Amino acid sequence: MKETMTAAFLPGDSTVEMRTVPVPAPGHGEVLLRVKASTICGSDIRCIYHEHLGKGPEGYQGVIAGHEPCGQIVAEGPGCRRFKTGDRVIVYHISGCGVCNDCRRGYMISCTSQKYRRAYGWQRDGGMAEYMIAEEKDLIALPDELTYADGAQVACGFGTVYEGLEKIGINGNHAVLITGLGPVGLATGALCRKLGAIKIIGIDVVPERMKIAMDLGLCDAVLASGPDNVEEVKKLTGGFGVERAVDCSANNLARATAVRATRKWGKIVFLGEGGTVELNPSPDLIHDQKTLYGSWVTSTWLMEELVERLVRWNLHPADIITHRFPLERAADAYALMSSGKCGKVAVCQDEELS
Ligand SMILES: NC(=O)c1ccc[n+]([C@@H]2O[C@H](COP(=O)([O-])OP(=O)(O)OC[C@H]3O[C@@H](n4cnc5c(N)ncnc54)[C@H](O)[C@@H]3O)[C@@H](O)[C@H]2O)c1
Ligand SMILES: [Zn+2]
Ligand SMILES: [Zn+2]
């Protein structure tokens, strides 16, 4: 085993700093992973890359970046109970205390322990490195049928979307509106297809993203964001509006569109984070008997269920990755993701790069 490795840090001025650091040794209940794929999330750009905006669970503490890692175990510390060297694993990206109510439900994302809740790539070292340490309890087994790049997508984006779609329920009766066609919006299209949605409409402001959504067959129609979106969506749905809407944009106007373009008795989920929204509760929600959900990441058990479903559906989340970079070009990867002119962007090693 090498003694040092390359790792990427985000100083917060839209640059990436590559440093040489020691290869860490796994402690009790921990494993050392060879990182094979580590993808970039909109949250990394919004809260860390440009400037360190986040507080609390979104506070970046100068650690190795990357909260969407997937890799292979190359060493295990004492006390591991299930996973061993050679296993292929996804890292659920928040390590919780394990004993608070949220952790016991599998939602380590909302662990209430100030001392022990630490997200990979935010408050503890993440996946933008040759190797990383993960706690065994944070690992999800990656089935043989899925690639490491598929797994990295599950660690945050697809997991988050699956949870949100479970909350609103998607089936073949549903037309779905997706506001924001970044990687999270594209994942929503991919999962809605498999869950049977009959019509999928996407909205974005970036032409490249609208094109990717159509080229990959993830939307049946895409609209450029604008003041007539609600009417346009109604026109595409027999005058009614969609049964389900998912906001993946975090934009205030797009969020309002998601709510207003949803028909009576419909359900909406907000996934996009940050920003604000202005709604008129009586006409927008109450009188039309609509339900609005917020949804934050997912649980470890639902993530396990998702990987099982992905195999059954033959759905490969890596299909929405448009660009792969070697670790030494991490700076180019973040810059591209920040431009928005891409699908998902991945930093890869070994077989995931060739
Ligand atoms: N809820 C959660 O647990 C969770 C988990 C992961 C990511 N997120 C959030 O989900 C959001 C999407 O993530 P991503 O990685 O796809 O980020 P992203 O920034 O790449 O995607 C956002 C997309 O919204 C589009 N957009 C901006 N303004 C718009 C408008 N007015 N109308 C329509 N589209 C508009 C952008 O062009 C972009 O394509 C981010 O806010 C991210 O922080 C939430
Ligand atoms: Zn993320
Ligand atoms: Zn906890």
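In this predicted model, W122 lies in the loop that runs between strand 7 (118-119) and strand 8. The residue is buried, its relative accessible area being 5%. Beyond the residues up to four places away in sequence, W122 touches S43, D44, C47 and I48, together with P57, E58, G59, Y60, Q61, V63 and H67. With H67 the side chain of W122 also forms a polar contact of 3.3 Å. H93 stands 29 residues from W122 in sequence, and the C-alpha atoms of the two residues are 9.5 Å apart in space.

H67, the polar partner of W122, is also a ligand of the metal. The zinc ion (ligand 2) is coordinated by the NE2 atom of H67 and by the SG atoms of C41 and C156, at 2.0 to 2.4 Å. Along the chain these donors follow the spacing C-x25-H-x88-C. H67 is placed in the loop between helix 1 (42-49) and strand 4 (69-76), while C156 belongs to helix 3 (residues 148-168); the pair therefore ties together parts that are 89 residues apart in sequence. Both H67 and C156 are buried.

Helix 3, which carries C156, packs against helix 9 (residues 300-313) at an angle of about 95 degrees, with the two axes 10 Å apart. Helix 3 and helix 9 are therefore roughly perpendicular to each other. On the side of helix 3 the contact is made by V154, A155, F158, G159, Y162, E163 and E166. Helix 9 contributes L302, M303, E305, L306, V307, R309, L310 and W313.

A second helix crossing involves helix 1 and helix 10 (residues 330-339), whose axes come within 10 Å and cross at roughly 100 degrees. Helix 1 is thus roughly perpendicular to helix 10. In this pairing, G42, D44, I45 and Y49 of helix 1 meet Y334, A335, M337 and S338 of helix 10. D44 is also among the residues touched by W122.

The remaining cysteines considered here were examined for disulfides, of which the structure holds zero. For C80, the closest cysteine sulfur is that of C70, and at 17 Å it is too far away for a bond. C80 counts as partly exposed, with a relative accessibility of 21%. C248 is likewise in no disulfide, the nearest cysteine sulfur, in C192, being 8.8 Å away. C248 is buried, with a relative accessible area of 14%. Because a disulfide requires the two sulfur atoms to be within 2.5 Å, the distance of 8.8 Å for C248 does not qualify.

Two buried residues in loops combine polar contacts with contacts to residues elsewhere in the sequence. D138 occupies the loop between strand 8 (131-135) and strand 9 (139-141), and its relative accessible area of 0% makes D138 buried. The side chain of D138 makes a polar contact of 2.7 Å with the side chain of S95, and another of 2.9 Å joins the side chains of D138 and K137. When residues up to four places away in sequence are not counted, D138 touches I90, V91, Y92, I94, S95, M108 and Y120. S95 thus appears both as a polar partner of D138 and in the list of residues that D138 touches.

T237 is found in the loop between helix 6 (229-236) and strand 13 (242-247). T237 is buried as well, with a relative accessible area of 11%. A polar atom of the T237 side chain lies 2.9 Å from the backbone nitrogen of G241. Apart from neighbours within four places in sequence, T237 is in contact with A175, I201 and V242.

Positive phi values were found in two residues other than glycine, W265 and D350. In W265 the angle is near 70 degrees; this residue is part of strand 14 (residues 262-270) and is exposed, with a relative accessible area of 59%. In D350 phi is near 55 degrees. D350 belongs to the segment after strand 17 (344-348) and counts as partly exposed, at 36% relative accessibility.

Definitions and conventions:
Residues numbered from 1 in each chain as written. Chains lettered and ligands numbered in written order. Predicted model: local features only at pLDDT ≥ 70, side-chain atom pairs only at ≥ 80, totals over all residues. Heavy atoms only, no water. Buried < 20%, exposed > 50% of the residue type's maximum accessible area, 1.4 Å probe, protein only. Donors = N, O, S within 2.8 Å, 3.2 Å for Na, K, Ca; no water. Helix = DSSP H or I, 4+ residues; strand = E, 2+ residues; numbered from the N terminus. Polar contact = N/O pair within 3.5 Å; in protein donor to acceptor, adjacent residues only side chain to side chain. Contact = heavy atoms within 4.5 Å. Axes fitted to C-alpha atoms, helices over the stretch in contact; angles between N-to-C directions. Parallel < 35°, antiparallel > 145°, perpendicular 65-115°, else oblique.
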